[in-house]
Amino acid sequence: MKKPLLLLLLLLPTLLMAKTSTPDIARIDPANWYVGLRNTSLQLMVYGKGIREAEVTTDYAGVRIDSLVRLDSPNYLLVYLSLDGAKAGIMPLTFRVGRKQKIVCYELRQREKAGEEHVGFSNADVLYMLMPDRFAQAGPVYKADPRHPLNTYIVDREAHSLRHGGNLEGIRQHLDYFVELGVTALWFTPVLENNSPDRNGYSTYHGYATTDYYRVDPRFGTNEQYRQLIDEAHAKGLKVVMDMIFNHCGYEHPWIADLPSHDWLNGIAGTDVTSLSNVEQSVGMTSYKLTPVLDPYASDVDRRETVDGWFVPTMPDLNHRNQHVMTYLIQNSIWWIETAGIDGIRMDTYPYADATGMARWMRILGEEYPRFNVVGETWVTEPAYTAAWQKDSRLTANNSYLPTVMDFAFFDRLAQAKNEETDGWWQGMNRLYSTFVYDYLYEDPTHVMAFVDNHDTDRFLGEGQDAAPLRQALALLLTVRRIPQLYYGTEIMMNGTKAVSDGFVRKDFPGGFAGDQRNAFTAAGRTEAEQQMFQWLSRLLHWRQGNAAIISGSMKQFIPVDGVYVIARRQEGRTVLTIINGTSKAAIFSAARYVELWGQTMPASIPAVDVPTGQAYDVARDFELEPRAALVLDVAM
């Protein structure tokens, strides 16, 4: 009898602990929320072993639990609450599983400002796009945190497809550089956690394989550093645009190891997605062809392959037809607006996602933040396709509610025109003229974002250093009815193509890293050609700020004649002429052709100054244009 009694006494603490142990709650997304939002519904995704069976209660004033959604996995529970009338404070949530109980203190915060006060980027801004991993590094380099381990990764600046070590602190320390250049908004490629291991010399340094939607990648910094960077950018008159990805997540996202429900992802059809080899063999990839999404004659299989196919095997495709998935993502964007104070969102791979789900996101965001701005990546080079994605478009019965679209037609036509002679019909600058002809398709051409290159394309210069075509491209970009976007390093003529890998168009900014042989952030560290381009562009950018003729003025374009393409912008008596010689020979600006800009008869003299160079012209008189000339003339009448 003594031995069993002794054994019982030894086991008693364990038995008592088992009876009194609490439900396992490993994580709640979002970790906190805000009161005072128009939409008072809140979804909490609770994760923990066996938490699906929990009952949840709260006695916090102004809060009501609307529903509990028990998903396929036993380790998830969705708690939907109504916060109508709730005040900021600590809300106790009681979770009960059988006789076990756990109280979680959940923080409800007061908003810093009303939704109407969040003013997004506009065509008054010039966005500067950069990749945090490739721009600059400063401060302490990330060290492993045993509480939040990251998968193995390598920092190797000699390898174009591995991490190079840039971070948020490196960007913060160069905010004055952006001010000096004259841009007004910064767009970083995604900064959220990409906890992916290096695979065959390839890593997710680019940021497009999110593994935690609520955490800045520790290799870049912390959530707090991200907010500090944004606050300091605001203090210097710079906005910050956040790159988001709803279409897919990263393969190492916790959802993949423990799927919340069988329909959380697209295209899996019973496949065990915890095995990457299974995914590679059994899961269909997207066709990458976006036309079926709007094609009135598209087959079901073509649409399905576009929208439901995975982008790559390591980027699982999220199912936006599952309302819980979409609610999670919608709340995430609101959380970042409120928490970090971002000034806009760029949404990656927009047409690959479910259009109805994305329209729901944009409608909710627009109601909450009526002056905010979101731009969607719509990579088809035909204006009619792009225009159909813009909010309130007359071209489709389904409203996307997306305020701003990306102008891939402008990019595409420039890429062709730069290598051509402008003839009397289709080539050269005729391509740009013919693109703007279709602006009547857009509900608002000033909510179209144009660019000459970005992280997914060859650099405009290719492998060359010919500044003349680049000046022409930038002169057009910064004076037409568009939101302009620059790609980092264009101002110092960085070049490269994707012939070998994407990394060759994503090179490190010279001077951003310890050990760099020169510092292109300073005039002394630039070559003569780089400094000339920097000064030319900087003068144009500073002049553009607050320029009513460019921001809100009318636009008139003239069909290219004898290789010369002219665009006039006008507002309140101010006229700006962009004059392009689209040939490799000298050409003549024939003043009489543009007399309608000045009235019935040509004035005796019309003084004008080329903004980037300060050179004086008289646009009432003919004058010679150098080969591939690009003039931006501020006219004194």
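Let me start with helix α12, residues 408-417. Seven of its ten residues are buried, so the helix is largely enclosed by the rest of the structure. Keep in mind that this is a predicted model. The buried residues are F408, A409, F410, F411, R413, L414 and A417.

What covers them? The cover over the buried residues of α12 includes three helices, α11 (383-388), α13 (430-436) and α14, together with strands β16 and β17. At the start of α12 there is also a short-range detail: a side-chain oxygen of D407 comes to within 3.3 Å of the backbone nitrogen of A409.

Those two strands bring me to the sheet. It is a closed barrel of eight strands, in the order β9-β10-β13-β14-β15-β16-β17-β18, and the pairing is parallel. On average, neighbouring strands of this sheet are turned by 25° against each other, with direction ignored. Helix α14, residues 467-477, packs on the sheet, where it touches β17 and β18 (483-487). The direction of α14 makes about 145° with that of β18.

Now some of the strand pairs. β16, residues 404-406, pairs with β17, residues 448-451, in the parallel sense over two bridges. On that side of the barrel, V405 stands opposite V448 in β17.

Going to the beginning of the strand order, β9, residues 127-130, pairs with β10 in the parallel sense, over four bridges. Here Y128 stands opposite L186 in β10. Strand β10 also pairs with β13, residues 239-244, again parallel and over four bridges. L186 has a bridge partner in β13 too, namely V240.

How do the side chains of β10 point? In this strand, residues 185-188, A185 and W187 point one way, while L186 and F188 point the other way. All four of these residues are buried.

Next, one residue in the barrel strand β14, which is R346. Is R346 buried or exposed? Its relative accessibility is 0%, so R346 counts as buried. The side chain of R346 makes a polar contact of 3.1 Å with the side chain of D243. Leaving aside neighbours within four places in sequence, R346 is in contact with W187, Y208, V241, M242, D243, M244, V375, E377, M406 and H455. W187 is one of the β10 residues I just listed.

Now to helix α10, residues 355-368. At 1.5 Å a residue, its 14 residues should span 20 Å, and its end C-alpha atoms are 20 Å apart, so the two agree. The buried residues in α10 are G357, M358, A359, W361, M362, I364, L365 and E368. They pack against helix α9 (323-340) and against the strands β14 (344-347) and β15 (374-376).

From α9 I picked out Q331. Q331 has a relative accessibility of 5%, so Q331 counts as buried. L365 of α10 is 34 residues away from Q331 along the chain, and their C-alpha atoms are separated by 9.5 Å. Which residues does Q331 contact, leaving aside neighbours within four places in sequence? They are P30, W33, S41, L42, Q43 and Y214.

One more residue, further along the chain. T575 is found in strand β21, residues 574-581. T575 has a relative accessible area of 0%, so it is buried. Its side chain and that of R570 are joined by a polar contact of 2.9 Å. Again leaving aside neighbours within four places in sequence, the contacts of T575 are with R569, R570, W598, L633, D634, V635 and M637.

Last, the chain as a whole. The secondary structure of the protein chain comes to 16 helices and 26 strands. Of the 637 residues, 57% are buried. A compact globule with 637 residues would have a radius of gyration near 26 Å, and the protein chain has 28 Å, which agrees. The C-alpha atoms fill a box of roughly 120 × 55 × 50 Å along the principal axes.

As for contacts along the sequence, take those between residues at least 6 apart. Of these contacts, 71% join residues at least 24 apart. The contacts of Q331 with P30 and W33 were examples from earlier in this talk.

Conventions
Residues numbered from 1 in each chain as written. Predicted model: local features only at pLDDT ≥ 70, side-chain atom pairs only at ≥ 80, totals over all residues. Heavy atoms only, no water. Expected span 1.5 Å × (residues − 1). Buried < 20%, exposed > 50% of the residue type's maximum accessible area, 1.4 Å probe, protein only. Contact = heavy atoms within 4.5 Å. Pairing = 2+ DSSP bridges. Axes fitted to C-alpha atoms, helices over the stretch in contact; angles between N-to-C directions. Polar contact = N/O pair within 3.5 Å; in protein donor to acceptor, adjacent residues only side chain to side chain. Rg over C-alpha atoms; globule rule 2.2 N^0.38 Å.
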